[in-house]
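Me: I am new to this structure and would like a close look at a single part of it, the largest pocket. Please describe what lines it, then say what lies on the surface elsewhere.

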Amino acid sequence: MKDVVVSIFGSYVVTFLGILVLAFALLMFQITESSVDIGILIIYILAGLMAGFIVGKRTGSRKFLWGMISGACYFLILFLVSLAFGQDVNHLGSDLTTTMFICIGSGTLGGMLS
């Protein structure tokens, strides 16, 4: 479980850096809302890949499974933080499902690539 925590920490470092880059791009280039949405999806994918890769390297066996678990934990934390900040879950709908599959899938892929 310690390996999952370390991988989640790594994925949130990637998330933080990605959001900083996205905010800078928004400030400097005044990009559109659809570009911001694509940027957020890219951040989710990179963070999930990082979580899966880290946990796969640290565990050494069943890498895809541990990557899947890390991706699921990453999504769960995102979901809980969204709830804590007042995001309406009923309003998310298919975006929530898509985000879940992106996080879990990229975590699994990261584990397989490690």
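Reply: For sorting a lining by class, Ala, Val, Leu, Ile, Met, Phe, Trp, Tyr, Cys and Pro count as nonpolar, Asp, Glu, Lys and Arg as charged, and the others, Gly among them, as polar. The model is predicted. By those classes, the lining of the largest pocket has 12 nonpolar, 5 polar and 2 charged residues. The pocket itself has a volume of about 520 Å³. It is lined by 19 residues, and Ile40, Leu41, Tyr44, Asp95 and Thr99 are the closest to its centre.

Several helices take part in this lining. Helix 1 (2-29), helix 2 (33-59), helix 3 and helix 5 each supply at least two residues. Helix 2 gives the largest share, 6 residues.

Helix 2 also holds Met50. With a relative accessible area of 32%, Met50 is partly exposed, because that value falls between the 20% limit for buried and the 50% limit for exposed. Met50 lies 57 residues from Gly107 in sequence, yet their C-alpha atoms are 7.3 Å apart in space.

On the surface there is a nonpolar patch formed by Phe53, Phe64, Leu65, Met68, Leu109, Met112 and Leu113, with about 650 Å² of accessible area together. Helix 3 (63-84) and helix 5 (94-113) each supply at least two residues of this patch. One of the patch residues, Met68, sits in helix 3. Met68 is partly exposed, with a relative accessible area of 34%, and so passes the 30% cut-off that patch residues must exceed.

Technical notes: Residues numbered from 1 in each chain as written. Predicted model: local features only at pLDDT ≥ 70, side-chain atom pairs only at ≥ 80, totals over all residues. Heavy atoms only, no water. Patch = residues over 30% accessible without salt bridge, like charges linked within 9 Å, V, L, I, M, F, W, Y side chains within 5 Å. Areas by Shrake-Rupley, 256 points an atom, 1.4 Å probe, with all protein chains shown as cover. Salt bridge = Lys/Arg side-chain N within 4 Å of Asp/Glu carboxyl O. Helix = DSSP H or I, 4+ residues; strand = E, 2+ residues; numbered from the N terminus. Buried < 20%, exposed > 50% of the residue type's maximum accessible area, 1.4 Å probe, protein only. 1 Å grid on protein atoms, 1.4 Å probe; cavity = no way out; pocket = protein on both sides within 12 Å on 5 of 7 lines; lining within 4 Å. Points joined across faces, edges and corners; volume = space filled by probe spheres on them.
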